[in-house]
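Please open the structure in your viewer and keep the selection panel within reach. This tour goes from one selection to the next and says what can be found at each stop.

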Amino acid sequence: MAVRLQALTERPVYPVMRRMRRAFMRRLGRWSRGAYDVRLVYDHGEPVYKKVVFNSAHQAGRVAAALRAYGESVFVPSLRHHAGNAIWVDYVAGHAFDPNASDQPKRVAECFTSFALRPSRGVALADSGLIETLYERLATLSEHGVLDAALGRALAARIARFDGRQTLRFGFDYADPIAANLLTRADTGQTCAIDVKNVRQDGLVGLGVAKARARWLDEAGLSAILTHWQRQGLDDVVRSFDFVQVYERIERVAQQAATDIRSRGGIRKRDAKIDKLQTLLG
Ligand SMILES: Nc1ncnc2c1ncn2[C@@H]1O[C@H](COP(=O)(O)OP(=O)(O)OP(=O)(O)O)[C@@H](O)[C@H]1O
Ligand SMILES: [Mg+2]
């Protein structure tokens, strides 16, 4: 990690309009991301690193530790330096990730599998605390009038049907695989998870895939991943995926509701939230 940063220059990664918006929101006191910033670091005009500035040294340390534990890989930019509240990772040359490209199912499966195959620990669903979390989320959604009594009961029954003896795995996961957080490498065409703050060391394995499924991953892409996982011996993760998907959906709707209340003073798009939960009932 002998990086000579003094000789290098830095430029913001965000386009000018986004920076102006951030400055404006800051002045209004409505900027919630604090000092968080992403910059590219250049050596003689060539991008070499991405520098991520966090709100605290603690956050930077957490991400640095996860990257160190993950190790060098084509699927995640390598950590090169860590100081105070900032980390430096390799710049990866590539182009925007296109979920519809023909080789994408294979590429995406490789990338997610590299996370799922890292060491993980098994925990029985009944001992994981996640069932209790889901019941709490349902209670909160009912209090805020998102769920009526019938839908609340139906969702609680759906959760109660899961076998508490099934094993969940906790370990490496890429927590926010939206298309903008993935990159197609120029050198090999592989998918690289560039938004390093989302590399989790003790995440629920499979949660990232469930999130990708909710955003851009189609049914065929998902089954390609699950088949690949089965072949690699990740049976627990495949068996628990139905639970993981239910968990992801309820957590997401609950988070959206909490954000609505915090920033808008009340629930918005209630029907869309109900639809998302209703589809869990099949
Ligand atoms: N290691 C990298 N190599 C090359 N380009 C990168 C790298 N990391 C990020 N980028 C580019 O910078 C953009 C923003 O990066 P990143 O996703 O890390 O920021 P961010 O934290 O998500 O910011 P925000 O949350 O506001 O979107 C990416 O969409 C990508 O275009
Ligand atoms: Mg991002």
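The stops below concern a predicted model, and they pass from its domains to a ligand, a sheet and two loops.

**The two domains.** Begin by colouring residues 1-91 and residues 93-282 separately, since the domain assignment gives these ranges as domain 1 and domain 2. The centres of domain 1 and domain 2, taken over C-alpha atoms, are separated by 26 Å. Where the two meet, 13 residues of domain 1 are in contact with 16 residues of domain 2. Now select residues 57-70, which form helix 2, for this helix gives 6 residues, the largest share of the side of domain 1 that touches domain 2. Sorted by class, that side of domain 1 has 12 nonpolar residues, 1 polar residue and no charged residues.

**The ligand.** Next, select ligand 1 and show the residues around it, among them V13, V38, K50, Y91, N181 and D195. Which domains give residues to the shell around ligand 1? Both domain 1 and domain 2 do, and the ligand therefore lies between them. The residues of this shell comprise 8 nonpolar, 1 polar and 2 charged ones.

**The sheet.** Turn then to the open sheet of 5 strands, whose order is 1-2-3-5-4 and whose pairing is antiparallel. If you select residues 9-12 and residues 79-83, you have strand 1 and strand 4, which stand at the edges; each has a single partner strand, so one side of each is left without a neighbour in the sheet. On average, and with direction ignored, neighbouring strands of this sheet are turned by 25° against each other. Within the sheet, look at strand 2 and strand 3, which run antiparallel and are joined by 7 bridges. To see how residues face one another here, select D37, which stands opposite V53 in strand 3.

**Two loop residues.** Most residues other than glycine have a negative phi, and the last two selections depart from that pattern. H44 is found in the loop between strand 2 (37-43) and strand 3 (46-53), and although it is not a glycine, it has a positive phi of about 50°. Is H44 buried or exposed? H44 is exposed, because 8 other C-beta atoms lie within 10 Å, and a residue counts as exposed at 12 or fewer. Finally, select K269, in the loop between helix 10 (241-264) and helix 11 (270-278). K269 is not a glycine either, yet its phi is positive, at about 45°, and with 12 C-beta neighbours inside 10 Å K269 also counts as exposed.

Technical notes:
Residues are numbered from 1 along each chain as its sequence is written. Chains are lettered from A and ligands numbered from 1 in the order in which they are written. This is a predicted model: local features need pLDDT of at least 70, side-chain atom pairs count only at pLDDT 80 or more; totals for chains, interfaces and linings use all residues. Helices (H or I, at least four residues) and strands (E, at least two) are DSSP runs, numbered from the N terminus. A residue is buried if 20 or more other C-beta atoms lie within 10 Å of its own, exposed if 12 or fewer, and partly exposed in between; C-beta atoms are placed from the backbone. Two strands pair if DSSP finds at least two bridges between them. Axes are lines fitted to C-alpha atoms, for helices over the stretch in contact, and angles run from 0 to 180 degrees between N-to-C directions. A residue is near a molecule or strand if its C-beta atom, placed from the backbone, lies within 6 Å of it. Ala, Val, Leu, Ile, Met, Phe, Trp, Tyr, Cys and Pro count as nonpolar, Asp, Glu, Lys and Arg as charged, and the others, Gly among them, as polar. Domain bounds come from an automatic or database domain assignment. Two residues are in contact if their C-beta atoms, placed from the backbone, lie within 7 Å.
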